[in-house]
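Biologist: I should like a close look at a single part of this model, set in the context of what surrounds it. Please take one helix and work outward from there.

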Amino acid sequence: MNHAGILGTGSALPEKVITNFDLEKMVDTSDQWITERTGIKERRQAAPTETTSLLCIQAARKALEMAGLQSSDLDGIICSTISPDMPLPSTAAFIQRGLGARSVLAFDLAAACSGFLFAMTVAEQFIRTAKARYVLVVGAELLSRWLDYQDRATCVLFGDGVAAAVLGPVTPPAGILATEMHTDGAFAEHLYIPAGGTSKPASCETVRAREHYIKMRGNELFKVAVRNLEEVSRRVLVEAQLKPNDLDLFIPHQANQRITEAVRERLGLAPQKVFSNIHRVGNTSSASIPLCLDECVRSGRVKKGDLILMSAFGAGVTWGSALLRW
Ligand SMILES: CC(C)(COP(=O)(O)OP(=O)(O)OC[C@H]1O[C@@H](n2cnc3c(N)ncnc32)[C@H](O)[C@@H]1OP(=O)(O)O)[C@@H](O)C(=O)NCCC(=O)NCCS
């Protein structure tokens with residue numbers, strides 16, 4: 001069995017910044033409310049000409065460069081997204097074409113904010129069993145396209161962004177040490193887009209009723225998120241026979257700074273071991289964890305041998321953790 005790890009990371013953010021003060025002009029909200037309740041100060045918004053796949057290709061090129069690889073070296077491409085270029089075909093197909101990669105196994109994966117970790121776990125299996133050597137995993141969201149800028153409960157939270165990682169075989173002790181992923185549909189309607197799928201195809205009525213936008217019951221999700229993030233984080237550490245104190249870095253999904261704080265406290269981690277960039281980018285769904293990772297790698301925050309725990313929670317609901325040694 002091969003051991004899989006991350007060989008390179010890269011990210012791409014749209015240029016346009018939407019601050020809390022900009023949102024004050026659009027909905028009945030305030031910089032104070034958003035900052036106190038979420039920790040977010042600003043987020044990015046893609047230009048009309050920018051697509052999910054275009055940003056994916058930019059991020060992927062940077063990740064390949066860091067890994068010292070060419071797109072032709074890739075044996076697989078997994079794009080985690082709930083905001084694809086279009087319903088058909090997959091965004092992964094556009095990434096493969098744009099990168100000039102070979103006709104490899106390339107597909108989209110939908111697990112919302114947990115999607116990057118789900119995709120990483122899938123890629124790991126191909127590498128472990130030597131079915132693939134190098135797999136590109138991208139977490140990509142242009143959620144601004146699904147946001148209702150009349151709904152203050154959701155439009156202040158989410159932002160656009162893309163980040164990629166190239167996975168491949170590594171020499172122990174580096175690599176992915178343990179992963180655990182979950183989905184529980186019991187809370188499916190706590191965070192969803194009611195129309196545009198087979199249960200409610202697009203019609204003039206669905207557009208008039210604003211049913212193509214994200215709807216969320218944030219308060220209920222908050223409690224489930226904190227509980228599930230703590231439990232799954234602890235379990236992957238136990239699986240690897242390690243303790244929270246052994247961690248050099250904890251990267252939680254950036255949904256709300258208060259969720260991050262609650263999980264940090266429950267795990268008994270020192271504040272300096274927990275990374276956060278939510279104030280700058282908001283909740284970028286499946287791009288959230290890889291954006292943090294890329295920032296940490298490029299800034300030197302992550303060093304060879306560091307033990308990193310990444311834990312995510314999102315619509316579905318989905319949640320999971322991955323523990324890796326850099
Ligand atoms: C969404 C979230 C920030 C809301 O914070 P909260 O403290 O739970 O706030 P509530 O939803 O209870 O709303 C409290 C009040 O603020 C109001 N409010 C909501 N959004 C607001 C905004 N942007 N500006 C001002 N007031 C707002 C509500 O209308 C409510 O007013 P009321 O008391 O008069 O009814 C928070 O619940 C959250 O982050 N939830 C988890 C989200 C999540 O994990 N999503 C899935 C992962 S991707």
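Modeller: The account below begins with helix H5 and moves outward to the domains, the core and the ligand.

The model is a predicted one. Helix H5 covers residues 115–128, and its 14 residues reach 20 Å from the first C-alpha to the last, close to the 20 Å expected at 1.5 Å a residue. Eleven of these 14 residues are buried, so H5 is largely enclosed by the rest of the structure. Among the buried residues are Gly-115, Phe-116, Leu-117, Phe-118, Ala-119 and Met-120, and the set also includes Thr-121, Glu-124 and Ile-127.

The loops on either side of H5 each hold a residue with positive phi. Ala-112 lies in the loop between strand S5 (105–109) and H5, and its phi is near 50°, a positive value in a residue other than glycine. Ala-112 has 24 C-beta neighbours inside 10 Å and therefore counts as buried. Just after H5, Ala-130 takes a positive phi of about 60°; this residue is placed in the loop between H5 and S6. Ala-130 is exposed, because 10 other C-beta atoms lie within 10 Å, where the limit for an exposed residue is 12 or fewer. The C-alpha atoms of Ala-130 and His-3 are separated by 9.6 Å, although their positions lie 127 residues apart along the chain. As background, most residues other than glycine have a negative phi.

The setting of H5 becomes clearer at the level of domains. The chain is divided into domain 1 (4–171) and domain 2 (176–325). Their C-alpha centres lie 14 Å apart, and the contact takes 47 residues from domain 1 and 41 residues from domain 2. On the side of domain 1 that touches domain 2, two or more residues come from each of strand S1 (4–12), strand S3 (42–44), H5, strand S6 (135–141), H6 and strand S7 (161–169). H5 gives the most to that side, with seven residues. By class, the side of domain 1 that touches domain 2 has 23 nonpolar, 15 polar and nine charged residues.

H5 also meets Val-137. Leaving aside neighbours within four places in sequence, Val-137 is in contact with Phe-116, Ala-119, Met-120 and Ala-123, as well as Ile-78, Ala-164, Ala-165 and Leu-167. Val-137 is in turn among the residues with the most contacts inside the largest nonpolar core, a set of 99 residues; the others named are Cys-56, Ala-60, Ile-95 and Val-138. This core draws at least three residues from each of domain 1 and domain 2. In soluble globular proteins, nonpolar side chains tend to be buried together.

From this core the path leads to a second helix, H3 (residues 52–67). Its 16 residues should span 22 Å at 1.5 Å a residue, and its end C-alpha atoms are 22 Å apart, which agrees. Cys-56 and Ala-60 are among the buried residues of H3, and the buried residues of this helix pack against S1, S4, helix H4 (91–99), S6 and S7. Just after H3, Gly-68 takes a positive phi of about 70°.

Cys-79 shows how these elements meet. This residue is found in strand S4 (residues 76–80) and is buried, with 32 other C-beta atoms within 10 Å. Beyond its neighbours within four places in sequence, Cys-79 is in contact with residues including Cys-56, Ile-95, Asp-108, Val-138 and Ala-140. Cys-79 and Ala-106 are 27 residues apart in sequence and 7.9 Å apart in space, C-alpha to C-alpha.

The ligand brings both domains together again. Domain 1 and domain 2 both give residues to the shell around the ligand, so it lies between them. In this shell, 20 residues surround the ligand, and the closest are Thr-29, Arg-152, Gly-218, Ala-255 and Asn-256. Helix H2 (31–38), helix H6 (152–155), helix H8 (218–239) and strand S12 (307–314) each supply at least two residues, and H8 gives the most, with five. The shell divides into eleven nonpolar, seven polar and two charged residues.

Two cis peptide bonds complete the account. One joins Pro-172 and Pro-173, with omega about 15°, and Pro-173 lies in the loop between S7 and strand S8 (175–183). Another joins Gly-316 and Val-317, with omega about -5°, and Val-317 is placed in the loop between S12 and strand S13 (318–325).

Key:
Residues are numbered from 1 along each chain as its sequence is written. This is a predicted model: local features need pLDDT of at least 70, side-chain atom pairs count only at pLDDT 80 or more; totals for chains, interfaces and linings use all residues. Helices (H or I, at least four residues) and strands (E, at least two) are DSSP runs, numbered from the N terminus. A residue is buried if 20 or more other C-beta atoms lie within 10 Å of its own, exposed if 12 or fewer, and partly exposed in between; C-beta atoms are placed from the backbone. Two residues are in contact if their C-beta atoms, placed from the backbone, lie within 7 Å. A residue is near a molecule or strand if its C-beta atom, placed from the backbone, lies within 6 Å of it. Ala, Val, Leu, Ile, Met, Phe, Trp, Tyr, Cys and Pro count as nonpolar, Asp, Glu, Lys and Arg as charged, and the others, Gly among them, as polar. Domain bounds come from an automatic or database domain assignment. A nonpolar core is a set of buried Ala, Val, Leu, Ile, Met, Phe, Trp, Tyr and Cys residues joined through C-beta atoms within 7 Å. The expected span of a helix is 1.5 Å times one less than its number of residues.
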